[in-house]
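Thanks for coming. I will put the structure on the screen and then go through a few side chains.

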Amino acid sequence: MPCMEWAKGSLERVAQDLVKTWEMELSHKTKLEDFKTIHPQKFRFSVNGGPWLTGEETLKVGSYNALLQTTLEGEHEAYKASQETFESSHDVFRSAFPGGFAWEVLEVYSGPPTVAFKWRHWGVMEGPFKGHPPSHATINSFGTCIAKVDDKLQITDLEVYYDPTQFLGQLTETPKDRDYGEYKPGVVGCPFMQ
């Protein structure tokens, strides 16, 4: 369930709708010129102070891999963004969250052109994640974001800060199940396909 309901036209609702639409575009559009939420030539994306990805680079790796990249030594053992493709990352998380993984703004700290806000991502883990059976728990991820927008409210810079280890830790709390094995798109989670 969402924590907040923002009034239509409020800064919080505008920021929330902008980022939700950006995530939808990143998951479903194949050309930056088709995006309405970003400035295609200026857009860049960074997570936890890591390297900036261009719009094309972000589109190529996909939202999950962009958000789960790390500048720390090694990668989290539960999910290696460098070994996943756009397609495989979506298969992994759509399998874990078949009911969706919702997103909302909790607080907005400043308005355009630099919009800083706190956010929450959540969903019920109803499917397996990398061999871990569903916990049926609500998985929460919290973070902050700084979005720079132009006069058309198109995003030029998007900086996200959060703890991916906390998020991935919730997905791996249940012990790995040998019956689930490694994730295979279209197979894991459906007993009739195994």
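Salt bridges and some buried side chains

Lys130 and Glu84 form a salt bridge, with 2.4 Å between the closest N and O atoms. Lys130 sits in the loop between β4 (114-124) and β5 (138-149), while Glu84 sits in the loop between α2 (55-68) and α3, so this pair ties together parts that are 46 residues apart in sequence. Both partners are buried: Lys130 is, and so is Glu84. Please keep in mind throughout that this is a predicted model.

How many salt bridges does a search of the whole structure find? The count is 5. I will take two others from that set.

One is between the side chains of Arg44 and Asp157, at 3.3 Å from N to O. Arg44 belongs to strand β1 (residues 44-47) and Asp157 to strand β6 (residues 155-162), so to speak of distant parts of the chain is fair here: the two are 113 residues apart. Is each partner buried or partly exposed? Arg44 counts as partly exposed because its relative accessibility is 33%. Asp157 has a relative accessible area of 11% and is therefore buried.

The other joins the side chains of Glu104 and Arg120, with an N to O distance of 2.9 Å. This pair also links distant parts of the chain, Glu104 being in strand β3 (residues 102-110) and Arg120 in strand β4, 16 residues apart. Glu104 has 2% relative accessibility and so counts as buried. Arg120, at 6% relative accessibility, counts as buried too. As for the background, side chains of opposite charge can pair when their charged atoms come close.

Glu104 leads to the start of the chain. Leaving aside neighbours within four places in sequence, Met4 is in contact with Glu104, Val105 and Leu106. Met4 is located in the segment before α1 (11-28). What separates Met4 and Glu107 in sequence and in space? They are 103 residues apart in sequence, and 9.1 Å apart in space from C-alpha to C-alpha. Met4 counts as partly exposed because its relative accessibility is 29%, and the cut-off for buried is under 20%.

Back to Glu84, which has another contact to show. Ser89 touches Glu84, and also Val61, Tyr64, Asn65 and Tyr79, if residues up to four places away in sequence are not counted. Ser89 has its place in helix α3 (residues 86-96). Why does Ser89 count as buried? Its relative accessibility is 0%, so it falls in that class. Where does the side chain of Ser89 find a polar partner? A polar atom of that side chain lies 2.8 Å from the backbone oxygen of Phe86.

The last residue is Thr58, in helix α2. The side chain of Thr58 reaches a backbone oxygen as well, that of Thr54, at 2.8 Å. Thr58 counts as buried because its relative accessibility is 1%. Which residues does Thr58 touch, not counting those up to four places away in sequence? They are Trp22, Leu26, Phe43, Phe45, Leu53 and Ala66.

To recap, Lys130 pairs with Glu84, Arg44 with Asp157, and Glu104 with Arg120. Ser89 touches Glu84, and Met4 is in contact with Glu104. I will stop there and take questions.

Conventions
Residues are numbered from 1 along each chain as its sequence is written. This is a predicted model: local features need pLDDT of at least 70, side-chain atom pairs count only at pLDDT 80 or more; totals for chains, interfaces and linings use all residues. Side-chain values use heavy atoms; hydrogens and water are left out. Helices (H or I, at least four residues) and strands (E, at least two) are DSSP runs, numbered from the N terminus. Buried means under 20% relative accessible area, exposed over 50%, partly exposed in between (1.4 Å probe, protein chains only). A polar contact is a pair of N or O atoms within 3.5 Å; within protein, one must be able to donate a hydrogen and the other to accept it, and residues adjacent in sequence count only if both atoms are side-chain atoms. Contact means heavy atoms within 4.5 Å. A salt bridge is a side-chain nitrogen of Lys or Arg within 4 Å of a carboxyl oxygen of Asp or Glu.
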